[in-house]
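Me: I am new to this structure and would like a close look at a single part of it. Please take the surroundings of the ligands, and then say what else stands out.

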Amino acid sequence: MEIHLDKKIAGEAWAQDAESIVRKCVHCGFCNATCPTYQLLGHESDGPRGRIYLVTQLLEGQPADETTRAHLDRCLLCRACETTCPSGVAYGRLLETGRHMLDQQLPRTGLDYLKRKIMTTLTPNHLLMQAGVNLARPLRRLLPPEISSQLPIAGKRLTRPEGTRARKMLLLEGCAQSSLTPETNAAAARVLDRFGIQLVREKNPGCCGAVRLHTSERVKGLRDIKQRIDTWWPMLGNDVEAIISTASGCGVTVKDYGDLLEDDPGYASKARHIAGMVMDISEVIGREVAKSPPAPELRQNIKVAFHSPCTLQHGQKITGQVENLLRQFGFKLLPVANAHLCCGSAGTYSILQPDLSGQLKADKLEKLQMHEPDVIATANVGCQLHLRKDSNVPVLHWIELLDTVKG
Ligand code: SF4
Ligand code: SF4
């Protein structure tokens, strides 16, 4: 696609990066076929190709207004379009640049501003989040379902193995996950212990940067990332083999640290090193299972519908790995139609775009529940909490299922 950068930004590295992304697009429109918002709304500007035009206009210095913002805001940043695009257009990075430029030109106001401020203050702060959970728990029955369904489920097993193991990996506790679904990392610790791996725990959990980066607070998002690097760096002794993420939304962001901080002389090399060490838990377990596969006669008699988060399949390009592992451990995997489509959670999207998010969730649950699963499994805390509110069956992180397998 042709583009002529506005002279005012032509010297900026970020603008040149955006320009090179735009130039890769050949207008073919293949991406529209897999875009959830284009499918729901049928408007060119609510699909990836149309949004690339809108960001191009911003980069060329053309005027933009609230209509432009509405189309850019409706994007889930699910990156299904990147998976489909034959030209390798890095759409996600371009959209984040576009949103940031627009917020600089036309600052947000009123309720929109307030909602974002609350979210970007509360969610990334583990201590505030935990305090909120502690306050809300005793009032669970009085709270609206939107809130009570997000609170931790009572009775989940939270114990972690205490012994030491020769092999060690650092586990990312996460900001929301450590407060809302603490059972996930406890299950991960128990499963990895069976493979002889000890998890080193983060002392001060915090946000990987995703929340603020995805709400156009780039400067604060990069600050969150540097804080994480400062926390993790002293923990990465010679004996820590890898950094593990059990939330695919966090994993995809940390894998991007090298690119996000490549121009920062104080952090570029640490960021690149950390990005190279991060693995989704499915990658770690997959590697261990390849060395010592489970007994072939294992049968669990549990029917599972797996929802692969966009951050796993489109962001980290991990497809089929979790499903294969669950099959190997004897679970019966059910077919799920349109598995490439987003469930509508998409970080903060369910709060900022409740109507579209609700439509996507209803469609996703219909597909997931079509063959009457016993449970729905997923790989990201955001999807898990979003789906579980309206699901007829429990919605778990898949590592909890592996944790139930004996032997
Ligand atoms: S990121 Fe998702 S919602 Fe946004 S344009 Fe691409 S496919 Fe559509
Ligand atoms: S599929 Fe890729 S090249 Fe084609 S219009 Fe979409 S972004 Fe552009």
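Reply: What follows goes through the two ligand sites and then turns to the surface and the charged pairs.

The model is a predicted one. Start with ligand 1, which sits in the second largest cavity. The elements that each give two or more residues to its shell are α2 (36–41), α3 (48–59) and α5 (80–84). In total, 13 residues surround ligand 1. Those that come closest to the ligand are Cys35, Arg51, Cys75, Cys78 and Cys81. Sorted by class, the shell of ligand 1 holds 10 nonpolar residues, 1 polar residue and 2 charged residues.

Ligand 2 is found in the largest cavity. Around ligand 2 there are 13 residues, and the nearest of them are Cys25, Cys28, Gly29, Cys31 and Cys85. By class, the shell of ligand 2 is made up of 9 nonpolar, 3 polar and 1 charged residues. Cysteine counts as nonpolar in this sorting, so Cys25, Cys28, Cys31 and Cys85, listed among the nearest residues, fall in the nonpolar class.

Away from the ligands, the surface carries a nonpolar patch of about 590 Å². The residues that make the patch are Leu111, Tyr113, Leu114, Ile118, Leu122 and Leu128. Helix α7, which spans residues 110–122, supplies the largest share of this patch, with 5 residues. Ile118 is one of the patch residues, and Ile118 lies in helix α7.

Charged side chains come last. Side chains of opposite charge can pair when their charged atoms come close. The count of salt bridges in the model is 35. One salt bridge joins the side chains of Glu66 and Arg69, with 3.1 Å from N to O. Both Glu66 and Arg69 belong to helix α4 (residues 66–73), where they are 3 residues apart, about one turn of the helix.

Terms used. Residues numbered from 1 in each chain as written. Chains lettered and ligands numbered in written order. Predicted model: local features only at pLDDT ≥ 70, side-chain atom pairs only at ≥ 80, totals over all residues. Heavy atoms only, no water. Near = heavy atom within 4 Å. 1 Å grid on protein atoms, 1.4 Å probe; cavity = no way out; pocket = protein on both sides within 12 Å on 5 of 7 lines; lining within 4 Å. Sits in = over half its atoms within 2 Å of the grid points. Patch = residues over 30% accessible without salt bridge, like charges linked within 9 Å, V, L, I, M, F, W, Y side chains within 5 Å. Areas by Shrake-Rupley, 256 points an atom, 1.4 Å probe, with all protein chains shown as cover. Salt bridge = Lys/Arg side-chain N within 4 Å of Asp/Glu carboxyl O. Helix = DSSP H or I, 4+ residues; strand = E, 2+ residues; numbered from the N terminus.
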